[in-house]
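Welcome to the tour! Please load the model in your viewer, switch to a cartoon view and keep the selection tool ready.

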Amino acid sequence: MVSIRAAGLVIFSLCLLSYYLYSFSLGPGAVDRKVRKAQTSFTTHGFNFHFKPTNYHRPTTASEISSIVREANAKKQIVRVIGGGHSWTPMINSSDHLLSLDELDRIISIDKEKLQATFEAGIRIGSLARELEKHGLGLQNMGTTDKQSFAGAFMTGTHGTGSRFGIMASTIIALQIVDGLGNIHNVSAENGQDAAELFLAARVSLGALGIVTQVTVQCTKFYHLHRTFTPSTLDDALVRAREYDAQNRNFKLWWIPRTPYVRLIRWQEVDVDTSGDAHSLTVMLDSFKTGLLVAISKVLAPYADSIYPHLMGIVGTAFNTPESLSGPYYDLLPSPAPYTHQETEWFVPADLATQALAEYRNMLEKNNCWTNMVTELRYIAADNSWLSPAYNRPSATINMLLVGNDAEFDRCAPLMQQLLGPHSKYQGRPHWGKVHSLTPQEIRQIYPKWEAFLVIKAKMDPNGVFQNE
């Protein structure tokens, strides 16, 4: 029998749900467009950095970008680029010039025989996927959100899941980049040693080497997926995670921290979309449940210590229901996620991932950390981009995500870095777009090509036009 208090809690949360679903549905693109219209101040994904550039630009060609960079270089000013705003770090901060690539969002060419597409780097991932569908092509993989700009996503090492697939940058086979002197370079791994090294450095370069204006990506034929949600427990998942990954095209798990509840999420490629009208309804209901979790978490954040374990047990039971759905890959690989939250994420060796997740569970318990959104475990193939968090190492990612209590995140995120970071046995590498506090010395320790990257940076940006800190 549900208690009156529990029923009241549910009713109260539902009353607030419309508001939170509204904010939940606002991707950085939506918020960002409002800010850009005002052209006054800008913020990052978690609203944890704010800045006001003197000059704001929306160029439409690489030549325009070159002119902006040359002007800034002559005046010893800083130029940074904003994409979808999906970052918790101050990478885009600039008091001088802020440049948006939103106008560079066109498909340039399609090679159906080679399954390759060349396009401008400012296009949003969701829009790109739908444009590629018109030509019978698809992206090899996608991450949690499709609202990022493609350039911003690959430059920070954004990834999806599935050990057959690398980070998004690993699918890039050529790119065009404007350096700190305004010169335009077209580079790939096949244009000689110097170009090949620049290519491997630039694919994940945080905007430090220049402004990428267009890319060529190795695609695949367009495809549909069948996605299943299966309830499980963390103890079972820790034993069988690698098995689940091997058996499926894509696999990840969602764990409700401080509970035993796990949702196994598996994708298999299918020939056709058999979902019919049920597809949009199922996606909406999944967003509804996630939005409800966000609403409850934010409202009750101040009372976490006393009621968190009981609350998350109830939420975990309701949230973790079996579901099955087929549809286009671009609808089923992204997942609902609250816009206003704080997040850190660490890449650890794939063979040690379940051990790391078990220790992370113990760390949360020992330090009484409450993280009121799911923790994901995702697998990623190794790649050769110099600053890729999966550089030369098959990896898995573990994240900490928290809504509504920045103080708790600030207390617990450093504990996660201590457990999984460069000083631990896991030699973890951070997601570049998410919260971390590594020093240059620590970064050098976990990235073997760091010094070689700095050499190329000095050549590409000799006067520090792209260096904001």
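Two strands pair if DSSP finds at least two bridges between them. Helices (H or I, at least four residues) and strands (E, at least two) are likewise DSSP runs, numbered from the N terminus. This is a predicted model, in which local features need pLDDT of at least 70 and side-chain atom pairs count only at pLDDT 80 or more, while totals for chains, interfaces and linings use all residues. Residues are numbered from 1 along each chain as its sequence is written, and side-chain values use heavy atoms, with hydrogens and water left out.

**Stop 1: a sheet and its helix**

Select β4 (79–82) together with β5 (residues 97–100). They pair in the parallel sense over four bridges; for one of the partnerships, find Ile82 and look across to Ser100 in β5. Now add β3 (55–57). The three strands make an open, parallel sheet ordered β3-β5-β4, with β3 and β4 as the edge strands, each pairing on one side only. From one strand to the next, the twist averages 25°.

Next, select residues 62–74, helix α3, which lies across β3, β4 and β5 and runs at about 170° to β5. Axes here are lines fitted to C-alpha atoms, for helices over the stretch in contact, and angles run from 0 to 180 degrees between N-to-C directions. Contact means heavy atoms within 4.5 Å.

**Stop 2: α7 and α11**

Select residues 234–247 (α7) and 353–366 (α11), whose axes are 9 Å apart at an angle of about 160°. That makes α7 roughly antiparallel to α11, a term for angles over 145 degrees. Show the side chains of Leu234, Asp235, Leu238 and Ala241 in α7, which meet Thr354, Leu357, Ala358 and Arg361 in α11.

**Stop 3: α6 and α14**

How do α6 and α14 pack? Select residues 193–202 and 450–460: these helices pack at an angle of about 105°, with axes 10 Å apart. That makes α6 roughly perpendicular to α14, the term for 65 to 115 degrees. Glu197, Leu198 and Ala201 of α6 make the contact with Phe453, Ile456 and Met460 of α14.

**Last stop: the whole chain**

Zoom out to the full protein chain, with its 14 helices and 20 strands. Of its 469 residues, 59% count as buried, meaning under 20% relative accessible area (1.4 Å probe, protein chains only). Among contacts between residues at least 6 apart in sequence, 74% join residues at least 24 apart.

How values were computed:
Parallel < 35°, antiparallel > 145°, perpendicular 65-115°, else oblique. Buried < 20%, exposed > 50% of the residue type's maximum accessible area, 1.4 Å probe, protein only.
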